[in-house]
Amino acid sequence: MKLTTEGKIISNINVLAFVGPAGTGKSERALSVARENAVDYIIDDGLIIARGQIMTGKSAKTEKNMVRAIRRAIFYDPEHRQKAISFLSSKAPCRILILATSEEMVRKILKALYLPDPDRIIRISEVSTKKEIENALRERRVNMQHTIPVSYAQIQRGFAGKLVRQIKGIFKWGKDDPKTIVKPPFSFSGDVIIEKNVLYTIARHLLNYGNRVKKIKELEIESDSTGGAITVDVTLNISSSPKEQSVFEIAKKLQRKVRRGLGYFTGIDIIKVDIKIDEVSFNE
């Protein structure tokens, strides 16, 4: 697995990857796999965990939709990513176990956190029987529940979804082997597909700002796996009142409204919104 990043790879860190499809029981098995491989830290769903305690990060399972959850899990947010990088840099030398649904996800996490290629990739099928995997998948599908290899108390403080119960593994790590079963806010499986016409409809709705937007002359939306960019040409209709906002102020508010609104309703990170004022008309 080749890795190229714009930053420098963090030295003196050994990486293992624990890979399996969503819902197959990786988080439930994570502590025992980490113990058996002398792992110091586990990276799981946006968290860096040591012996059942959160060291840094924010759980993807606190996000309100699947799109945001995926981005949290791969450390897409710059502030989230930088905190993780700083923590790992300060803890080297150490050994890390990355939990991921695929090798592609492993690569994205390695690139985001400036980590070296893994020494080994462990498959869920190596540590769980076929029956155990089937049971885990059934539990996920029926009850929409997820396991986090973290103590109940810590999740209780920081988790926005529903806490279901605390469980303890068969194999102990030290005095305790804490795990918590949660039901995330998104609580569904499958792909999220947002048609372009939906994005245009939402954007046009968000561009309503009283009666100030007289006409939307042109609206372009580009989106991919990294985020979205919007360009819009509008005609403004403003009053000649001394209390009226300037054209620049109106454009800035439209820009902020569209960026925040689309991000909230779709989970897409809106990287850029260009508002072009094509024409301005004045009301007496």
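Here are a few exercises with worked solutions on this predicted model.

**Exercise 1. Get an overview of the chain: how many helices and strands does it have, and what share of its residues is buried?**

Start with the secondary structure, which comes to nine helices and twelve strands. Then turn to burial: the chain has 284 residues, and 46% of them count as buried. Finish with the contacts. Taking those with a separation of 6 or more, 71% are between residues 24 or more positions apart.

**Exercise 2. Work out the strand order of the six-stranded open sheet, and say which strands stand at its edges.**

Step one is to read across the sheet: the order is S4-S3-S2-S5-S1-S6, and the pairing is mixed. Step two is to look at the ends. S4 (53–57) and S6 (120–123) each have a single partner strand, so one side of each is left without a neighbour in the sheet. Step three is the twist: on average, neighbouring strands here are turned by 25 degrees against each other, direction ignored.

Now zoom in on one pair. Strands S2 (residues 41–44) and S5 (residues 94–100) run parallel and are joined by three bridges. For a concrete example, pick Tyr41, whose bridge partner in S5 is Ile96.

**Exercise 3. Find which strands helices H3 and H4 lie across.**

Take H3 (residues 78–91) to begin with. It lies across S1 (13–19), S2, S3 (47–50), S4 and S5, and it runs at about 120 degrees to S4. Next comes H4 (residues 103–113), which lies across S1, S2, S5 and S6. The angle of H4 to S5 is about 135 degrees.

**Exercise 4. Describe how H8 and H9 pack: at what angle, and with which residues?**

First, the geometry: H8 (residues 196–206) and H9 (residues 247–266) pack at about 140 degrees, with their axes 9 Å apart. Second, classify the angle. Only values over 145 count as roughly antiparallel, and H8 and H9 are therefore oblique to each other. Third, the hand of the crossing is right-handed.

Fourth, list who meets whom. H8 brings Leu199, Ile202, Ala203 and Leu206, while H9 brings Lys257, Val258, Gly261, Leu262, Phe265 and Thr266. Sorted by class, this contact has seven nonpolar, two polar and one charged residues.

**Exercise 5. Track down some backbone oddities: where is the cis peptide bond, and what is phi at Phe75 and Tyr114?**

Go to Ala92 and Pro93 for the cis bond; omega there is about 0 degrees. Pro93 sits in the loop between H3 and S5.

Next, check phi at Phe75: the value is near 60 degrees, positive in a residue other than glycine. Phe75 belongs to the loop between H2 (66–73) and H3. Tyr114, in the loop between H4 and S6, likewise has a positive phi near 60 degrees.

Then compare burial. Phe75 has a relative accessible area of 0%, so it falls under the 20% cut-off and is buried. Tyr114, at 26%, is partly exposed because that value lies between 20% and 50%.

**Exercise 6. Decide whether Ser281 is buried or exposed, and say which residues it touches.**

Place Ser281 first: it is in strand S12 (residues 270–283). Its relative accessible area is 18%, which is under 20%, so Ser281 is buried. As for its contacts, leave out residues up to four places away in sequence, and Ser281 touches Lys214, Leu236, Asn237 and Ile238.

Methods. Residues numbered from 1 in each chain as written. Predicted model: local features only at pLDDT ≥ 70, side-chain atom pairs only at ≥ 80, totals over all residues. Heavy atoms only, no water. Pairing = 2+ DSSP bridges. Helix = DSSP H or I, 4+ residues; strand = E, 2+ residues; numbered from the N terminus. Axes fitted to C-alpha atoms, helices over the stretch in contact; angles between N-to-C directions. Contact = heavy atoms within 4.5 Å. Buried < 20%, exposed > 50% of the residue type's maximum accessible area, 1.4 Å probe, protein only. Parallel < 35°, antiparallel > 145°, perpendicular 65-115°, else oblique. Left-handed = near helix turned anticlockwise from the far one by under 90°. Nonpolar A, V, L, I, M, F, W, Y, C, P; charged D, E, K, R; others polar.
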